[in-house]
Amino acid sequence: MAGSATAGAQALAKGSEPAPSPPRSLEPVHSRVRLRVNGTDHDLEVDTRTSLLDALREHLHLTGTKKGCDHGQCGACTIMVDGQRINSCLTLAVMHEGDAITTIEGLGTPDKLHPMQAAFISHDGYQCGYCTPGQICSAVAVLEEIGQGIPSHVTADISAAPSLSADEIRERMSGNICRCGAYSNIIEAITEVAGRRA
Amino acid sequence: MIPFTYERPGSPAEAAAAAAKPGAKLIAGGTNLLDLMKLEIETPVHLVDVNGLALDTIEATGDGGLRIGALVSNTDLAADARVRRDYAVLSRALVSGASGQLRNKATTAGNLLQRTRCPYFYDTAQPCNKRSPGSGCSAIGGMTRQLAIIGASEACIATHPSDMAVALRVLDAEIETLSGEGTTRRIPMAEFHRLPGDTPEIETALNAGNLITAVILPRPVPGRHVYRKVRDRASYAFALVSVAAIIEDGGRGRVALGGVAHKPWRVEAAESELARGARATTARLLEGARPSRDNAFKITLVERTLDAILSDARGAQ
Ligand SMILES: Cc1cc2nc3c(=O)[nH]c(=O)nc-3n(C[C@H](O)[C@H](O)[C@H](O)COP(=O)(O)OP(=O)(O)OC[C@H]3O[C@@H](n4cnc5c(N)ncnc54)[C@H](O)[C@@H]3O)c2cc1C
Ligand code: SF4
Ligand code: FES
Ligand code: FES
């Protein structure tokens, strides 16, 4: 279909003419997007359907971020966007023009581990390791969220500042499933890093 | 997922006009829409991304309430100091839902418009009147444990899955919308979500292309604000039953239920029974309920959850 390439090129233009009149166009639509990942800009041309997760893994070959369920149900794809943790499977790459994205590769490297990575190693916070990058990104964000005073389901007094308790950490980590059941070691790793911070 | 074009409009008016076109759909956090698009339950050919619109602030209104922008995230809304102090039932409902990651993306408008979690709605191999009108309802006579016990129809017995909406119902919030032609409306929460009737595919009072611009909270309702959610695991699960309540000294108050109907369930007349206790209130609230064998437990669960709330409130006095 001749029109689709043009539609793609215009896709990001403000107020561009939308919706092809036949309600079902079956040709893929492409669009350009600039992603700032771990401090480096990348200009990509992606199918508009590309999730941020697939853009990271398939286009940028940053395979640290994992795909578990692809439906927001497991947390394996957790990354940080503008400082907030999100599930990268439930957002589109084209929605992140110019956003600052941090993946597990940007948190630390084998020679220069992030304290949370080091704590997961010393506490055996994993078995197969598949959920681990998501767990670690989430854990780093959890400590920031508690620091910012964001309440959780287990915060007893919702108008007071939440504490760094194991209960708080456990509740806030519930969006990261571990099929190997490494939960208790994960909580120990996070508690250790939290203790160093507090 | 089927292919689609994508645009980021520069103003709410442009967004509403774009969303009114056939086959177009608004996208905010994307946490429900993209899930459903991957399964081709939703098949828009054009996405209108509202994230660039400046609808992400919470402001005091002239009459002592709050105006919550449609794009305020579930995290930011739950964490707002005014909401935690004056509308704690809303903060509590929000933090009981989904996960930290999802709440960071989920928006106020998107949360209201999230679609049912009926397992047959999600299973595209099965008939479902909500997904394909006229095809039949696979849930009736099927697995109904999670489904509605009241207000359902021969066409659909789904429930509305939002926790936030139950709190907004008990707070008498209003939804502010903008149409493609530029007219604004304010819809009370009581009228926002519909019962399924013969058209379960029509879930709200919105028309095609209506953009939600804000949710308005009236001045705070005094009393003890509670949200209790009962579910199959302690976190990261939808409600079997939830109870949002505001209880004043002396046992008067308001109550709304989640997990029992196609909309947040509130019967104002039942609230006069609150001083008489959970049994009397539940009997009035769920009068006319038609549960199945598999979900009749929800009636008991509502009564016991409400009883726990009322006795906590008495204990705190
Ligand atoms: C694993 C999982 C668990 C969950 N658990 C819970 C839970 O326990 N409790 C709970 O309440 N929720 C739960 N959710 C649902 C979650 O709360 C919703 O997905 C979220 O609130 C939707 O918001 P969004 O901004 O991402 O919406 P989107 O997905 O962007 O949009 C949803 C709908 O709203 C429409 N829309 C968005 N913005 C506007 C606007 N401004 N005006 C008009 N229409 C608009 C879209 O067109 C779409 O139809 C869960 C979700 C997942 C994936
Ligand atoms: S209950 Fe409603 S959503 Fe579920 S299968 Fe029946 S029609 Fe579909
Ligand atoms: S892959 Fe994103 S939550 Fe499972
Ligand atoms: S370590 Fe295997 S899934 Fe968590």
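Mentor: Two strands count as paired if DSSP finds at least two bridges between them. Keep that in mind for chain B of this model, which is predicted.

Trainee: In which sense do β10(B) and β11(B) pair, and over how many bridges?

Mentor: Strand β10 (residues 241-247) of chain B and β11(B) run antiparallel, and six bridges join them. Two of the partnerships can be followed by residue: I246(B) has R254(B) as its bridge partner in β11(B), and V243(B) has L257(B) there.

Trainee: What lies between the strands of that hairpin?

Mentor: Five residues separate β10(B) and β11(B), and in this hairpin G250(B) takes a positive phi near 85°.

Trainee: Which strand pairs with β10(B) besides β11(B)?

Mentor: β9(B) does, in the antiparallel sense over seven bridges. There, V230(B) finds its bridge partner V241(B) in β10(B).

Trainee: How many residues of β10(B) are buried?

Mentor: Buried means under 20% relative accessible area. Seven of the seven residues of β10(B) are buried, so the rest of the structure largely encloses this strand. Its two faces can be read separately: V241(B), V243(B), A245(B) and I247(B) lie on one side, S242(B), A244(B) and I246(B) on the other, and all are buried. Strand β11 (residues 253-258) of chain B has five of its six residues buried, so it too is largely enclosed by the rest of the structure.

Trainee: Let me turn to charges. How many salt bridges are there over all chains?

Mentor: Side chains of opposite charge can pair when their charged atoms come close. The rule used here asks for a side-chain nitrogen of Lys or Arg within 4 Å of a carboxyl oxygen of Asp or Glu. By it, the count over all chains is 35 salt bridges.

Trainee: Which residue forms a salt bridge with E145(A)?

Mentor: R85(A), and the closest N and O atoms are 2.9 Å apart. The pair links distant parts of the chain, with E145(A) in helix α5 of chain A and R85(A) in strand β4 of chain A, 60 residues apart. E145(A) is buried at 9% relative accessibility, and R85(A) is buried with a relative accessible area of 1%.

Trainee: In chain B, which residue pairs with K229(B)?

Mentor: K229(B) forms a salt bridge with D163(B), and the closest N and O atoms are 2.8 Å apart. K229(B) sits in strand β9 (residues 224-230) of chain B, and D163(B) in the loop between α8 (119-122) and α9 (164-170) of chain B, so the salt bridge ties together parts that are 66 residues apart in sequence. K229(B) is buried at 12% relative accessible area, as is D163(B) at 8%.

Trainee: Is E287(B) buried or exposed?

Mentor: E287(B) is exposed, with a relative accessible area of 56%. Its side chain meets that of R284(B) in a salt bridge of 3.9 Å, N to O, and R284(B) is partly exposed at 32% relative accessibility. Elsewhere, salt bridges that share partners join R169(B), D172(B), R254(B), R266(B), E268(B) and E271(B) into one network. R254(B) has appeared already, as the bridge partner of I246(B) in β11(B).

Trainee: How many residues does the contact between the chains take from each?

Mentor: Chain A gives 58 residues and chain B gives 51 residues. Between them the chains bury about 4400 Å², 56% of it on carbon and sulfur atoms.

Trainee: How many salt bridges cross this interface, and how many residue pairs are in polar contact?

Mentor: The rule finds one salt bridge across the interface. D70(A) forms it with K38(B), and the closest N and O atoms are 2.9 Å apart. There are 23 residue pairs in polar contact across the interface, counting pairs with both residues at pLDDT 80 or more. On the side of chain A that touches chain B, β4 (84-87) and α5 of chain A each supply at least two residues. The largest share, four residues, comes from β4(A). That side of chain A divides into 25 nonpolar, 22 polar and 11 charged residues.

Trainee: A backbone point to finish. Which residue in the loop between β1 (30-37) and β2 (40-47) of chain A should I check?

Mentor: N38(A) lies in that loop. N38(A) is not a glycine, yet its phi is positive, about 50°. With a relative accessible area of 27%, N38(A) is partly exposed. D124(A), in the loop between α4 (115-122) and α5 (132-147) of chain A, also has a positive phi, near 55°, and is a residue other than glycine. D124(A) is partly exposed at 48% relative accessibility.

Notes:
Residues numbered from 1 in each chain as written. Chains lettered and ligands numbered in written order. Predicted model: local features only at pLDDT ≥ 70, side-chain atom pairs only at ≥ 80, totals over all residues. Heavy atoms only, no water. Buried < 20%, exposed > 50% of the residue type's maximum accessible area, 1.4 Å probe, protein only. Contact = heavy atoms within 4.5 Å. Buried area = accessible area lost by both parts, 1.4 Å probe. Polar contact = N/O pair within 3.5 Å; in protein donor to acceptor, adjacent residues only side chain to side chain. Nonpolar A, V, L, I, M, F, W, Y, C, P; charged D, E, K, R; others polar.
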